[in-house]
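Please open the structure in your viewer and keep the selection tool at hand. The stops below go from the whole chain to single residues.

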Amino acid sequence: MLEKIAQLLEEVNGLTAQNEEQLEALRLKYLSKKGEINNLMADFRNVPAEQKKEVGMKINELKQTAFAKINELKEQCESKESTDESIDLTRTAYPVNLGSRHPLTIVKNEIINIFGRMGFSLAEGPEVEDDLHVFTKLNFAADHPARDMQDTFFVETNEDVIKNIILRTHTSSVQARVMEKTQPPIRVICPGRVYRNEAISARAHCFFHQIEGLYIDKNVSFTDLKQVLLTFAREMFGNDTKIRLRPSYFPFTEPSAEMDISCNICGGKGCGFCKHTGWVEILGCGMVDPNVLEACGIDSKEYTGYAFGLGVERITNLKYQVSDLRMFSENDVRFLEEFTAAN
């Protein structure tokens, strides 16, 4: 009996288990009702009286050792499972809701991608600009209304208004900076935020986003401009989209035009959104005025070019029918969650 106990004690001290199934098998072998230790207890009645005390103590020691060993292996298995490679230890302890891109960012990136495929590179510039690049080099007259404080935000100090430092009213200022530093051929698009001193309403805001394009090279014509804008309209709104160009006026282009597209809601048949005309205005464009080229150091007798500008909010409204411009800047999560699928 003592030899049997010693043998089992040696086995118990050497037990190992790789998983819970192996651990359960060891528990059943040694500690269950039909296990090795219970069998020893059943044979205890056959032990001679003079050995019962010693044998009883050895059986009790074996039982305690077996319990301790099984508990030790159980802790090891649980610890191993908690550090398993399949568990991401960097994951936060609480659920994290995934966000989405802002609708203006979605549309801006789509516009940039379309013109990028047509060979336009990206150009950016400062939002706090000077009068020279925002107005003077773009052929704005000295008495043009845009230079008035009722239309433009001027930067103020504690003492006075700095009359030649403003918040840019259009991203055409980036075009002026590019023309200053780069000789043709030039083919760029200039996205960014612009500011105008307007009352905030559902249809207007004091800041919004523009993307303007510029192409200057030899023998650039209005036909080139029209083809680029037609390609953009069909890429953005569908292959069935039609465009029309209406004469207009901008100080930095001559001739100038405003471009309409066939209403993408009613297909040009007429609806409330297009005021039953079948057309919706989306951008202004024209051939770069020779005065602008000369002011920026480009020979207007050798080079010609075209420019266009569109509002990102306007295009976003056409794609998603957002009725109130203020919703773009209010950061209402319920509104932003509607664009999760558009990312």
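Throughout this tour, contact means that heavy atoms lie within 4.5 Å. Residues are numbered from 1 along each chain as its sequence is written, and side-chain values use heavy atoms, with hydrogens and water left out. The model is a predicted one, in which local features need pLDDT of at least 70 and side-chain atom pairs count only at pLDDT 80 or more, while totals for chains, interfaces and linings use all residues.

**The whole chain**

Begin with everything selected and coloured by secondary structure, where 11 helices and 10 strands appear in the chain; helices (H or I, at least four residues) and strands (E, at least two) are DSSP runs, numbered from the N terminus. Turning the C-alpha trace along its principal axes shows spans of about 125 × 55 × 40 Å. The radius of gyration of the chain is 39 Å, whereas a compact globule of 343 residues would have one near 20 Å; this radius is taken over C-alpha atoms, and the globule rule is 2.2 Å times the number of residues to the power 0.38.

If you now switch on a surface, about 20,000 Å² of the chain is exposed, with carbon and sulfur atoms supplying 49% of that area; the areas come from the Shrake-Rupley method with a 1.4 Å probe, and for residues only the protein chains shown count as cover. Of the 343 residues, 40% count as buried, where buried means under 20% relative accessible area, exposed over 50%, and partly exposed in between (1.4 Å probe, protein chains only).

**The largest nonpolar core**

Which residues touch the most other members of the largest nonpolar core? Select Ile111, Phe115, Ile282, Tyr306 and Phe308, which hold that place among its 43 residues. A nonpolar core is here a set of buried Ala, Val, Leu, Ile, Met, Phe, Trp, Tyr and Cys residues joined through side-chain atoms within 4.5 Å. At least two residues of this core come from each of α5 (103–117), β6 (207–217), α8 (222–237), β8 (253–262), β9 (279–288), β10 (304–311) and α10 (312–320), and α8 gives the most, with eight residues. In soluble globular proteins, nonpolar side chains tend to be buried together.

Centre the view on Ile111 next: beyond residues up to four places away in sequence, Ile111 touches Ile211, Phe232, Met236, Leu310 and Ile315.

**A second core and Met179**

Apart from the largest core lies another one of 24 residues, among them Ile166, Ile216, Ile298 and Tyr303. From there move to Met179, which is placed in helix α7 and counts as buried because its relative accessibility is 1%. Not counting residues up to four places away in sequence, Met179 touches Ile186, Leu214, Ile216, Val292, Leu293, Cys296 and Ile298. Draw a distance from Met179 to Ile216, and the C-alpha atoms turn out to be 9.1 Å apart, although the two residues are 37 apart in sequence.

**Along strand β8**

Three stops lie on this strand. Pro255 is in strand β8, and the peptide bond leading to Pro255 from Glu254 is cis, with omega near 0 degrees.

Is Glu258, also in strand β8, buried or exposed? At 18% relative accessibility, Glu258 counts as buried, and apart from neighbours within four places in sequence it is in contact with Arg244, Leu245, Arg246, Ser248, Phe250, Glu281, Leu283 and Gly284.

Ser262, likewise in strand β8, counts as buried at 11% relative accessibility. Leaving aside neighbours within four places in sequence, Ser262 is in contact with Asp240, Thr241, Lys242, Gly278 and Trp279. Ser262 and Phe335 are 27 Å apart in space, C-alpha to C-alpha, and 73 residues apart in sequence.

**Backbone details in the loops**

Most residues other than glycine have a negative phi, and most peptide bonds are trans. Select Pro185, in the loop between α7 (172–181) and β5 (186–195), where the peptide bond from Pro184 to Pro185 is cis with omega near 5 degrees.

Then go to Asn139, in the loop between α6 (131–134) and β3 (154–156); phi of Asn139 is positive, near 70 degrees, and at 28% relative accessibility Asn139 counts as partly exposed. Finish at Asn331, in the loop between α10 and α11 (333–336), which has a positive phi of about 60 degrees and counts as exposed because its relative accessibility is 55%.
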